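The following exercises concern a single protein chain. Please study the sequence and the structure before reading each solution.

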Amino acid sequence: MEFEVTGALVQSYTICKRQVWLMAHQIVPDQEHPYIEIGRLIDENSYQRDRKKIHFENVVLDLVRMEKDNILIGEVKKSSKAAESAKMQLLFYLYKLKQSGITAKGQLFFPEERKREVVELTPEFEIEVIKAIEEIKDIVHKEKPPTFIKIPYCKNCGYKEFCMS
């Protein structure tokens with residue numbers, strides 16, 4: 001099966017490899033989980049003047065705006081607690097755009113905290129993204145999900161009931 005890596009999988013990859021496998025196999029997290037609902041509301045109600053939910057190949061960009069002569073790609077998140085996974089997701093988007101000849105800058109937005117973080121696709125980060133894509137493909141092609149390992153993120157995860165039952 002030919003498989004397309006998505007930004008959501010890249011984000012999950014940095015947090016929980018089991019979640020990557022579950023998502024890729026269409027095992028959907030609890031959509032009524034409070035953290036998923038809050039994230040959805042923040043995404044819908046923040047930065048309304050920008051172009052939002054732009055679909056590009058297997059990527060959905062939260063927002064796109066022009067700043068001076070640069071394209072700015074933004075990723076909106078509920079909290080900066082998982083900033084590293086959000087950064088990896090945004091780096092993946094910048095990498096996919098670069099593969100299509102589009103140079104863009106990135107920025108993480110944390111509206112509830114009134115914080116922003118600039119993200120730039122350096123050669124080092126590009127290598128990290130390529131490695132993540134390959135590892136995600138390896139995880140997804142396994143017959144079973146990786147073994148459950150309890151981590152701090154588990155307490156707020158939409159898969160909590162699935163993994164801990």
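**Exercise 1.** Which residue with a positive phi follows H4?

Solution. The model is a predicted one. H4 is followed by Gly101. The phi of Gly101 is positive, near 85°.

**Exercise 2.** Determine whether the length of H4 agrees with the expected span of a helix.

Solution. Step 1: H4 has 17 residues, and at 1.5 Å a residue these should span 24 Å. The expected span is 1.5 Å times one less than the number of residues. Step 2: the end C-alpha atoms of H4 are 24 Å apart, which agrees.

**Exercise 3.** Describe the place of H4 in the largest nonpolar core.

Solution. Step 1: of the 17 residues of H4, 14 are buried, so that the helix is mostly covered. Step 2: the largest nonpolar core has 37 residues, and Phe92 is among those that touch the most other members, as are Phe3, Val5 and Ile73. Step 3: H4 (83–99) and strand S4 (104–110) are among the elements that each supply at least two residues of this core. The largest share, ten residues, comes from H4. Step 4: leaving aside residues up to four places away in sequence, Phe92 touches residues including Val5, Val10, Val59, Val129 and Ile133.

**Exercise 4.** How are H2 and H5 oriented relative to each other?

Solution. Step 1: their axes come within 9 Å and cross at roughly 65°. Step 2: angles of 65 to 115 degrees count as roughly perpendicular, and H2 and H5 are therefore roughly perpendicular to each other. Step 3: the crossing is right-handed. Step 4: Lys17, Val20, Trp21 and Ala24 in H2 meet Ile136, Ile139 and Val140 in H5.

Methods. Residues numbered from 1 in each chain as written. Predicted model: local features only at pLDDT ≥ 70, side-chain atom pairs only at ≥ 80, totals over all residues. Heavy atoms only, no water. Core = buried A, V, L, I, M, F, W, Y, C linked by side-chain atoms within 4.5 Å. Buried < 20%, exposed > 50% of the residue type's maximum accessible area, 1.4 Å probe, protein only. Helix = DSSP H or I, 4+ residues; strand = E, 2+ residues; numbered from the N terminus. Contact = heavy atoms within 4.5 Å. Axes fitted to C-alpha atoms, helices over the stretch in contact; angles between N-to-C directions. Parallel < 35°, antiparallel > 145°, perpendicular 65-115°, else oblique. Left-handed = near helix turned anticlockwise from the far one by under 90°.
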